[in-house]
Amino acid sequence: MTALDEERLARLIRALPPAPEAWVRAAQALPLARVELDQIVARAEADAEFRARLVADLEAALAADGYEPTPALVHILRVRFKSK
Amino acid sequence: MASTLSDGELVARCRSGDQQAWADLVERFSRYVYAISVQAFRLSEADAEDVFQEVFARAYEHLDGLRDDAAVRPWLGQLTRRLCIDRLRSAARERPAGEEELERAGSDETMTMLEEALTVHEALAETPEHCREILDRFFARDESYRTIGDALELPAGTIASRISRCLARLRELLEGRTETGRPSSSR
């Protein structure tokens, strides 16, 4: 790190404002989404029609089947389906 | 209360299924990931939110594959950078002006500055709570003296001097880290 005067320190503190709280909470909830996630993935593997609906419109398919499409769940499912 | 574990210890706990450790890891790096997408790459809020969630979703999925637990910081930085570039690339395909934005975005200079900022925030987490709170509120959250005074029950006249004292304390702490050669990514 280069020499620090207080003005520079202040600029560096200012450079990292907090991320929106809802985003942070959603990312923190990933482990909780995990159980639901495993159920959804298992079902998608066994049920081609459900899988097709998930691929076509993930959020709508989750909501229609009684899963809350939280940002954490939606994002991790997208990652899962992309990597298959 | 911020976790005092090193980055490596935090990652090891996440890997063993410790949910609180995961929450702490997200808290520790959330500002950095957010700043890369909105400051270095100037993504819209909607795109930045997608990148933010995808970074942590991928991190959660691939934590087992991280070769060096202590390297989580550059790993997350690179992952965020790559996802921001992907996002700008797909926008560039839709409108020609996007290519120019892509070339300007994510300069090394900005990335270096954000890494330094993260180091400063890590040091800030080690200062006494009254310092952490007032410096974060004033600089990072851009709160007025009045708002800070109301929240912390301080007369407005004492806020400037407290900020100045706390900045001096933070500087001492950072200079102490440099002198002892303490790595910035391990607490």
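## V120(B) in helix α6

V120(B) sits in helix α6 of chain B. The model is predicted. V120(B) has 27 C-beta neighbours inside 10 Å, so this residue counts as buried; the cut-off for burial is 20 or more.

Which residues does V120(B) touch, beyond those up to four places away in sequence? Three belong to chain A: L9(A), L12(A) and I13(A). L174(B) completes the list. Eleven residues along the chain from V120(B) is E109(B), and the two C-alpha atoms are separated by 17 Å.

## Chain B overall

Chain B has nine helices and zero strands. Along the sequence the pattern reads α-α-α-α-α-α-α-α-α. Chain B holds 187 residues, and 33% of them count as buried.

Consider the contacts in chain B with a separation of 6 or more. Residues 24 or more positions apart account for 63% of those contacts.

## Where chain B meets chain A

The contact draws 37 residues from chain B and 25 residues from chain A. On the side of chain B that touches chain A, α2, α3, α6 (108–124), α7 and α9 (156–180) each supply at least two residues. Helix α2(B) provides the largest share, ten residues. By class, this side of chain B has 22 nonpolar, six polar and nine charged residues.

## Two positions on α2(B)

V26(B) lies in helix α2 of chain B. Is V26(B) buried or exposed? V26(B) counts as buried, because 25 C-beta neighbours fall inside 10 Å. Setting aside neighbours within four places in sequence, V26(B) is in contact with V24(A), A27(A), Q28(A) and F56(B). A70(B) is 44 residues from V26(B) along the chain, and their C-alpha atoms are separated by 15 Å.

S30(B) is also in helix α2 of chain B. S30(B) has 22 C-beta neighbours inside 10 Å and therefore counts as buried. Outside the window of four places in sequence, S30(B) is in contact with A19(A) and V24(A). S30(B) and F56(B) are 26 residues apart in sequence. In space they are 9.0 Å apart, C-alpha to C-alpha.

## The largest nonpolar core

In soluble globular proteins, nonpolar side chains tend to be buried together. Here the largest nonpolar core has 68 residues. Which members touch the most other members? They are A27(A), L30(A), F52(B), F56(B), L135(B) and L170(B). Helix α2(B) gives the most to this core, with eleven residues. Domain 1 (1–105) and domain 2 (126–187) of chain B both contribute residues, so the core lies between them.

A27(A) shows contacts in both chains. Neighbours within four places in sequence aside, A27(A) is in contact with A72(A) in chain A. In chain B the partners are V26(B), F52(B), Q53(B) and F56(B).

## Helix α3 of chain A

Helix α3 of chain A covers residues 30–46. Why does the distance between its ends agree with expectation? At 1.5 Å a residue, its 17 residues should span 24 Å, and the end C-alpha atoms are 24 Å apart. The helix does bend, by about 35° at E36(A).

The buried residues of α3(A) are L30(A), A33(A), I40(A) and A44(A). L30(A) is also among the core members that touch the most others.

## Positive phi in two loops of chain B

R42(B) has phi near 50°, a positive value in a residue other than glycine. R42(B) is placed in the loop between α2 (19–40) and α3 (45–62) of chain B. R42(B) has 16 C-beta neighbours inside 10 Å, so this residue counts as partly exposed.

D142(B) has phi near 55°, again a positive value in a residue other than glycine. The loop that holds D142(B) runs between α7 (129–140) and α8 (145–152) of chain B. D142(B) counts as exposed, because 10 C-beta neighbours lie inside 10 Å; the cut-off for exposed is 12 or fewer.

How values were computed:
Residues are numbered from 1 along each chain as its sequence is written. Chains are lettered from A and ligands numbered from 1 in the order in which they are written. This is a predicted model: local features need pLDDT of at least 70, side-chain atom pairs count only at pLDDT 80 or more; totals for chains, interfaces and linings use all residues. Helices (H or I, at least four residues) and strands (E, at least two) are DSSP runs, numbered from the N terminus. The expected span of a helix is 1.5 Å times one less than its number of residues. The bend at a residue is the angle between axes fitted to the seven residues ending there and the seven starting there. A nonpolar core is a set of buried Ala, Val, Leu, Ile, Met, Phe, Trp, Tyr and Cys residues joined through C-beta atoms within 7 Å. Domain bounds come from an automatic or database domain assignment. Two residues are in contact if their C-beta atoms, placed from the backbone, lie within 7 Å. Ala, Val, Leu, Ile, Met, Phe, Trp, Tyr, Cys and Pro count as nonpolar, Asp, Glu, Lys and Arg as charged, and the others, Gly among them, as polar.
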